[in-house]
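Thanks for coming. I have one model to go through, and I will start with one helix and then move to the sheet.

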Amino acid sequence: MRIRQILAGEKGLSRTDVIGAVSFVCKMTKEELLRDIDSRLDEATLNAVKDCLGERRAGKPLAYITGVKEFFSESFFVSPDVLIPRPETEILVEEALKIIGTGGNRVSVLDMGTGSGAIGIIVAKHAGSSVVCVDISAAALRVASKNARSIGVAGRTRFVCSDLFGAIKEGPGFDVILANLPYVAASEWEDLMADVRQYEPRGALYGGQRGVEVYERFVRDLPGRMKSGGHVLLEIGSSAQAEEIGGMLKGIGLTVNVKKDYSGTERVLVGHG
Ligand SMILES: C[S@@+](CC[C@H](N)C(=O)[O-])C[C@H]1O[C@@H](n2cnc3c(N)ncnc32)[C@H](O)[C@@H]1O
């Protein structure tokens, strides 16, 4: 069977998913795949493609099938132990890089709830800063540290297993603290896409009954962890959370700005000390 026939014949999945699955099995880039669209696949390759498409049809996210996801133009390993990095998280990274700069400086940075390491690793790479990456999940940290090695920032990143700031020894605090902690409320759980609910780690998504409980604990511990004149950037999920979590940051004396994502949703809170 030719690649073109597979792409045309698969009706139940998006073209992006089918191209992603076929290029993964054939070890080709998407550009190579489209260039060689009239090549024939041998039987073993065709069977592997069918298995892959079957898994995707059953709901498994493509990134968990291929084991990789692109974020900020870098290839990150992902496993079901980590949240698949989302495009909207790039907004937090862009805002962080505006604050830190890209000149290889001495700013100390903490990435709280690092997961695959997406935020901290990109900041370490582009800003040249040292980044402490924290997660409550040891399995997630294993994925993150593999990513740090493959992206070439192992020397500038350190991985700490901790419930929020509990095991963080650094004093006198950090210049910049970044966090994408769980923020889905109990009432929103059933509205998540089935693929997300079924396959992505609940501990990476569920923020408590009201959705803000993890951030509430985080903000309570923030004073003393952030240097005076420092900055905190948090990913959030709604205007209500911008109001509520933004209010918590103001309550500890920070000035707060809100950044929207490309769909107009309040996505990042930027607090300045
Ligand atoms: C929404 S995911 C973000 C992952 C990654 N930073 C990203 O943006 O793709 C939240 C992460 O926070 C971690 N986490 C949840 N509760 C935590 C806690 N109490 N302390 C530290 N990390 C926590 C989860 O294990 C998960 O990796």
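Look at helix H12, residues 239-251: Glu243, Gly247, Lys250 and Gly251 are exposed on one side of H12, the other side from its buried residues. Exposed here is 12 or fewer other C-beta atoms within 10 Å of a residue's own, buried is 20 or more, partly exposed is in between, and the C-beta atoms are placed from the backbone. Helices (H or I, at least four residues) and strands (E, at least two) are DSSP runs, numbered from the N terminus.

Two notes on the source. Residues are numbered from 1 along each chain as its sequence is written. The model is predicted, so local features need pLDDT of at least 70 and side-chain atom pairs count only at pLDDT 80 or more, while totals for chains, interfaces and linings use all residues.

Back to H12. Its buried residues are Gln241, Ala242, Ile245, Gly246, Met248 and Leu249. They cover an arc of only 150 degrees around the axis, which puts them on the same side of H12; the arc is that of the directions from the helix axis to the C-beta atoms. They pack against helix H11 (213-221), E7, E8 and E9, with contact meaning backbone-placed C-beta atoms within 7 Å. After H12 comes Gly253, with a positive phi near 90 degrees.

Now the sheet. Seven strands form an open, mixed sheet in the order E5-E4-E3-E6-E7-E9-E8, where a pair needs at least two DSSP bridges. Strand E5 (157-161) and strand E8 (255-260) are at the edges with a single partner strand each, so one side of each has no neighbour in the sheet. From one strand to the next the twist averages 15 degrees; axes are lines fitted to C-alpha atoms, for helices over the stretch in contact, and angles run from 0 to 180 degrees between N-to-C directions.

At one edge, E8 runs antiparallel to strand E9 (residues 266-272), joined by six bridges. Asn257 has Val270 in E9 as its bridge partner. Helix H6 (residues 89-100) packs on the sheet and touches strands including E8 and E9; its direction makes about 160 degrees with that of E7.

At the other edge, strand E4 (residues 130-135) and E5 are parallel over five bridges. Which residue in E5 is the bridge partner of Val132? That is Arg158. Between E4 and E5 the chain passes through helix H8 (residues 138-151), a right-handed β-α-β crossover: with the strands pointing away from the viewer, the path from the first strand over the helix to the second runs clockwise.

Definitions and conventions: Contact = placed C-beta atoms within 7 Å. Expected span 1.5 Å × (residues − 1).
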